[in-house]
Every structure is written in C-alpha cells, then in structure tokens.
Amino acid sequence: MKDSDFDIRSVHARRVWDSRGRPTVEAEVALHGGALGRAIVPAGASKGTREALELRDGGAAFGGLDVRQAVAHVNGEIARAVVGLAADDQAALDARLIALDGTPNKARLGANATLAVSMAAAHAVAAARGLPLYASLGGADATLLPMPQIQIFGGGAHAGRRVDIQDFMIVCPGAANFAQALEWTAEVYAQAGALMRARGALAGVADEGGWWPAFDTNEEALETLVGAIENAGFVPGEQVGIALDIAASDFGREGRYRLGLEQRELDSDGLIELLLRWCERFPVLSIEDPLGEDDAQGFARFTRAAPRRLQIVGDDFLVSSADLLREAAAAGAANTVLLKPNQRGTLTETRQCWDAARALGYRAIVSARSGETEDTTIVHLAIGWQVGQLKVGSFARSERMAKWNEALRIEERLGARARFAGAAAFGGGRS
Ligand code: 2PG
Ligand code: MG
C-alpha cells in the first residue's frame, strides 16, 4: 500500500433519516487506493447550549429541521478543501475542517457537516488498512469492552416530560463480560415492562426505546426499577446498579428547578438534597447532569457532598469540551465526562476531551444521542480509545441494538484478548 492510497479522492454527502424520522447528514469519503468510509451524524433533543451548532435549514419543511445546507456544505466547500489531504492524519484533516468553518462552534458550516466527514474519513482509513475501526484507532491495545449504560425508562424531553428525570438506566458491575451485561440488561428490561404493565403504568416506548413511564412520582420510577432488578434475580447495587441522567438543564435555570410531576420548585441546594437522598435510598452508581449547565457552583457543591463512590457525569454541563472540563476540574465539579462527537463536530476535538479527562483523573462515557441511526461509529470509539463506558439508551429499537450487537461482534472477534471494564469502569460497586 502506498502512502498516497490514503489521500482523499472524493467526498459525498446525502440526506438520510434518523430514528425520530428527522433528516440528518450521511457522508462518504473515498480514498485514492479505492477504500470507502461512510458515517451518519446523530442528533440530540436535550442539548447543551454550548454544544457545537447543528445546522438546520429552518423554514416550513420537516419542522425547520432539514439539513440541505449542511449537505451542500459537504458536497461543495468541504469537499474542495479536503480532497487531496491524507485521511490517515485525522488531526490535520480535522484542523482543516475547523479552520475552514472559522467560527468557535461550527456555526458556519454546521457540526453535522464537519463531523460526518471527520467520521467517514476514519472509516475510510480503517477500510484501507483492512481493519475494523476500533483496531484502526487503537491498535493492539484496543481490547477493552465498555460497561454499557442502558435506559430502562425514558423521561424528560424524550417522553413528553411525563416524568422529570430523563434517563433511568442500569449498569451491571457484577457482570463478567460485555455479553453477560447485555443478557442481564435484557432480563431487567423485560421485568420492568412486565411490572409496569401489571401496574397499568406502561404507555409505550420513549424516544430512545426505553419504556414510557406513567408514574405519579419520580421515586415511583426508581422503586419500580429496583423491583425489576430484583425480579430479574439480581442483587441491586452489587450485580446491577442504577444510572440516572437527571438532565436538570431541561427543568431548571439560574438555580431554580421546577419538578413538573410533583408540582414543586427547588433551589440548587434543595435539588442536591433530594438527589443525595435518592442516592442513599436507591442503588444509584452514576448520576448525570444533576444540576443545570449554568450551575457550576451547584455542580461543585453536589460533587463535594456526594459519596466518593458516586460517578458524577457532565453532559450538557461539559459538552465534550476539553476547555470546559479543565474549568470544571479546577472548580472540583463532576468526576466524569460524557463524550458525544456531535457536541464538538470533529473526532479530534472529542478525543482531546478524553485526553484531558485522563490527564485530570476524570472518567468518560462515550454516548449516543436520542436521535440515532444504524451508524455504529461510537462503539468503535469507546473500544478504540479504551474509554471503558458506553451509553446508548435502551435495549430496544434497531438504532440502539445496532450498537450493542456491534460490540458483541467485537468482543467475540477479540476472543481471549477481550477485557471487560466491569465494576472498575466507575470506581467499583457500592461501598
Ligand atoms: C443525553 C442524551 C442521550 P440527547 O442527554 O445524554 O440520552 O440525550 O441526545 O437528547 O441530548
Ligand atoms: Mg445527558
């Protein structure tokens, strides 16, 4: 293989459709040696305000969510700028995309345009090397299967605000390997559905495929989740624990939080107290965005007050940004960062956040968005970068299962070399 085989020959984007039936961007990057890479960009619903900009057309079509401009940017300006570049120098390629856009948040070309090309190029390089993407990214060290974080009930912005909390998820610190973690999740998901059906609290599925919960209180959701773990035959907190995404930015601003379900308003300290009570009463091992994205002080107070074992994750709060992570670390806020490539718009910037996290002693979780597709790039990032955790929302619907099934294939392919992040992924089980 010649070096020039990795040079980009052509770039093409098209509009495809995501799991909510909304338009999104798919890009293909072809290399001189004949290899082709393809990637599709996901989309969030509960977004952080400091995320890179997802370019939507506005206007009447598809609720203003069309992506014709982003597609045109890939096929025009971006293609002209990157054809001829070496795709296997991801940092240089992404630097070109960043410079071409010229804004701090991809506001001109759209993070959906730049990320589609950034990811498709990585796939093309892997194809040219004859390797799966995780191995192309991580080489011989890429053997760590992530701890899956899987939604059992959806809420918040993903379920018409039926309950305030957005994601009621489980993790399986007691599982011996990735495949077993999925088996256990399948049992808990089924038991949760059965419990809810029996109580008349099942109203279909939410945006990510978790059950749509018709509960009267947020606590009732937590109690039901513990019941489902027990009914599936697992020890809550030891074999199977709870992970929550509070997504507090969705119901609070400037330190005032409005819990719609329970008709009460709390200040930051009130919310901190409530969440810490839940963490005591229920086997919660991980909690994401406990406070709003604008409440850095609340985040720091929560982190100080929480038990050391608790994983505290910044999503809307940190938006996969290395700079925001450094600020949070200086303030002692959170101990884990969610990594969503479309919050930044290139693989390199997402990777920089992970590098910063490791340097600062933070953990990370690679995460899907609520609007997804069959694209499995994030699975390969989690394994190729050895991140140790992966959040994909629910154990139903093929845009989710495509990710879990891809990780199963990789675990099988790695065979005896496969390692599982296990309880160590988030600092151990309950203590
Ligand atoms: C989140 C994600 C996934 P969204 O908040 O972590 O659950 O949701 O993609 O809507 O931001
Ligand atoms: Mg979140």
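How many bridges join strand β11 to β12, and do these strands run parallel or antiparallel? In this predicted model, β11, spanning residues 256–259, is joined to β12 by 4 bridges, and the two strands run antiparallel. Within this pairing, Arg-258 has Glu-265 of β12 as its bridge partner. The strands belong to an open sheet of 3 strands, ordered β10-β11-β12 and paired in antiparallel fashion. Because β10 (252–253) and β12 (264–267) each have a single partner strand, they stand at the edges, and one side of each is left without a neighbour in the sheet.

The surroundings of ligand 1 were examined next. The ligand is surrounded by 16 residues, of which Ala-45, Glu-208, Arg-369, Ser-370 and Lys-391 come nearest. By class, the shell comprises 8 charged, 5 polar and 3 nonpolar residues. Both domain 1 (3–130) and domain 2 (139–425) supply at least three residues each to this shell.

Polar contacts to oxygen atoms of ligand 1 involve several side chains. For Glu-208, which is among the residues that come nearest to the ligand, a polar side-chain atom lies 2.6 Å from a ligand oxygen atom. In the case of Glu-288, a polar side-chain atom is placed 3.0 Å from an oxygen atom of ligand 1. Lys-340 contributes an N or O atom of its side chain at 3.1 Å from an oxygen atom of the ligand. On its own, ligand 1 has 310 Å² of accessible area, 99% of which is covered by the protein.

Terms used:
Residues numbered from 1 in each chain as written. Chains lettered and ligands numbered in written order. Predicted model: local features only at pLDDT ≥ 70, side-chain atom pairs only at ≥ 80, totals over all residues. Heavy atoms only, no water. Near = heavy atom within 4 Å. Polar contact = N/O pair within 3.5 Å; in protein donor to acceptor, adjacent residues only side chain to side chain. Areas by Shrake-Rupley, 256 points an atom, 1.4 Å probe, with all protein chains shown as cover. Nonpolar A, V, L, I, M, F, W, Y, C, P; charged D, E, K, R; others polar. Domains from an automatic or database assignment. Pairing = 2+ DSSP bridges.
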